[in-house]
Amino acid sequence: MKWFNTLSHNRWLEQETDRIFDFGRKSVVPTGFGWLGNTGLVKTDMGTHLWVTARMLHVYAIAASMGRPGAYQLVEHGINALNGALRDKQYGGWYACVNDEGVIDASKQGYQHFFVLLGAASAVTTGHPQARKLLDDAIDVIEKYFWSEQEQMCLESWDESFSKTEEYRGGNANMHAVEAFLIVYDVTHDRKWLDRAQRIASVIIHDVARSGEYRVNEHFDADWNPIRDYNKDNPAHRFRAYGGTPGHWIEWGRLMLHLHAALEARFETPPAWLLEDAKGLFNATIRDAWAPDGAEGFVYSVGWDGEPIVRERVRWPIVEAMGTAYALFTVTGDAQYETWYQKWWDYCIKYLMDYENGSWWQELDTNNEVTTRVWDGKQDIYHLLHCLVIPRLPLAPGLAPAVAAGLLDCNAK
């Protein structure tokens, strides 16, 4: 049974994409895009997070290029927010969180800044007159504070004034740096962004994860030595979970295939390990995290022995798994990836897709019932595009540039 690159399946994906776009519109607040609750109302007590606002700018840049009425106005809203309440006009960069009263968290987080970079680069593809200036500003901050020339990797965070950086080095932030760097390359055609993406992947995946059965370590000290017991007392941390987070393993696989495709588009021969390790990450995710306790779904985290730690089924890992299955099928033509893709869609429509309140549930328990141990609400719709839009595109250029270039559904029959 074939789904990939068929008009019938792509029409279904398009319909679900529009349902998600409509849900996300509810998140508009004066300071950017708010944190959506399970019923689709903004949770005002959560404030306006930089990462949510930047991701929603990215999302609606894609929607605008897809010809969705009103999406361009949301691109403008996102740009205004990043030039307004969220921007630190004294020290530079962007605040982590604000509300209508002012700044809640003034720290400068790499994870969040890489989403500003992604959102700004995606906005450039819409032709918005302020987007390129925003991207140039973001690049300047990344170059000055978050890309370490000495380490050839990305730093994790700074205090408000960019005077003190954290000793910790994070795999999650560096992974999203790779995602943003690939889109910045597509927009600027500056080769250094591909080189940086490849360097980060080589350290975290090819050097460390490959030697550990592809259980990706995300916590490092300042010399890039793995910290295996980091957050052992707080295993369900949203951004720095103890042990391995399999959703990131499989997400890494897709990003490495985008890099593989970008190098091929330059008529270069990609390193063989990019594809080899993407396959290894995919297989390890299924081995350790898919239904290890008998119930369907991906567990949130596992230990270094592969045993589940946090058994809740969070939404974004399976979304990323479907995007990576498509990417691996595109590169290899191996039918097993389409089989998994179909299996995972069947799971999502049975348990995760919420047709009553909108969007998808963010978290399920071991019985696949809605819970909130790790995440409360349906924060944003960024990850969902990776199973709704990516399976209708080539792997290079990246998401927003490919949609803007008119490549959506170009392979459908």
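**A helix and the salt bridges around the fold**

Helix α2 covers residues 50-65, and its 16 residues reach 23 Å from the first C-alpha to the last, close to the 22 Å expected at 1.5 Å a residue. Keep in mind as you look around that this is a predicted model. Most of α2 is covered, with 14 of its 16 residues buried. After the helix comes Gly67, which has a positive phi, near 80 degrees.

Now let us turn to the charged side chains. The count of salt bridges comes to 32. A good place to start is the pair Arg240 and Glu166, whose side chains meet in a salt bridge with N to O at 2.9 Å. This pair links distant parts of the chain, 74 residues apart. Arg240 sits in the loop between β11 (219-220) and α8 (246-265), while Glu166 sits in the loop between β9 (157-158) and β10 (169-170). How covered are these two partners? Arg240 has a relative accessible area of 12%, and because buried means under 20%, Arg240 is buried. Glu166 has 24% relative accessibility, so Glu166 counts as partly exposed.

Next, find Asp277 and Arg210, a salt bridge whose closest N and O atoms are 2.4 Å apart. Asp277 lies in helix α9 (residues 272-289), and Arg210 lies in the loop between α7 (192-209) and β11, so their contact ties together parts that are 67 residues apart in sequence. Which of the two is buried, and which is partly exposed? Asp277, at 0% relative accessibility, counts as buried. Arg210 is partly exposed, with a relative accessible area of 34%.

Another pair to visit is Arg191 and Asp195, which form a salt bridge with their closest N and O atoms 2.9 Å apart. Here Arg191 has a relative accessible area of 26% and is partly exposed. Asp195 has 38% relative accessibility, so Asp195 counts as partly exposed too.

Our last stop is a group rather than a pair. Which residues are linked in a network of salt bridges? They are Glu14, Asp18, Arg68, Arg392 and Asp409. To find them in the structure, you can start from Gly67, the residue with positive phi that follows α2, and then look for Arg68, one of the members of this network.

Terms used
Residues numbered from 1 in each chain as written. Predicted model: local features only at pLDDT ≥ 70, side-chain atom pairs only at ≥ 80, totals over all residues. Heavy atoms only, no water. Helix = DSSP H or I, 4+ residues; strand = E, 2+ residues; numbered from the N terminus. Expected span 1.5 Å × (residues − 1). Buried < 20%, exposed > 50% of the residue type's maximum accessible area, 1.4 Å probe, protein only. Salt bridge = Lys/Arg side-chain N within 4 Å of Asp/Glu carboxyl O.
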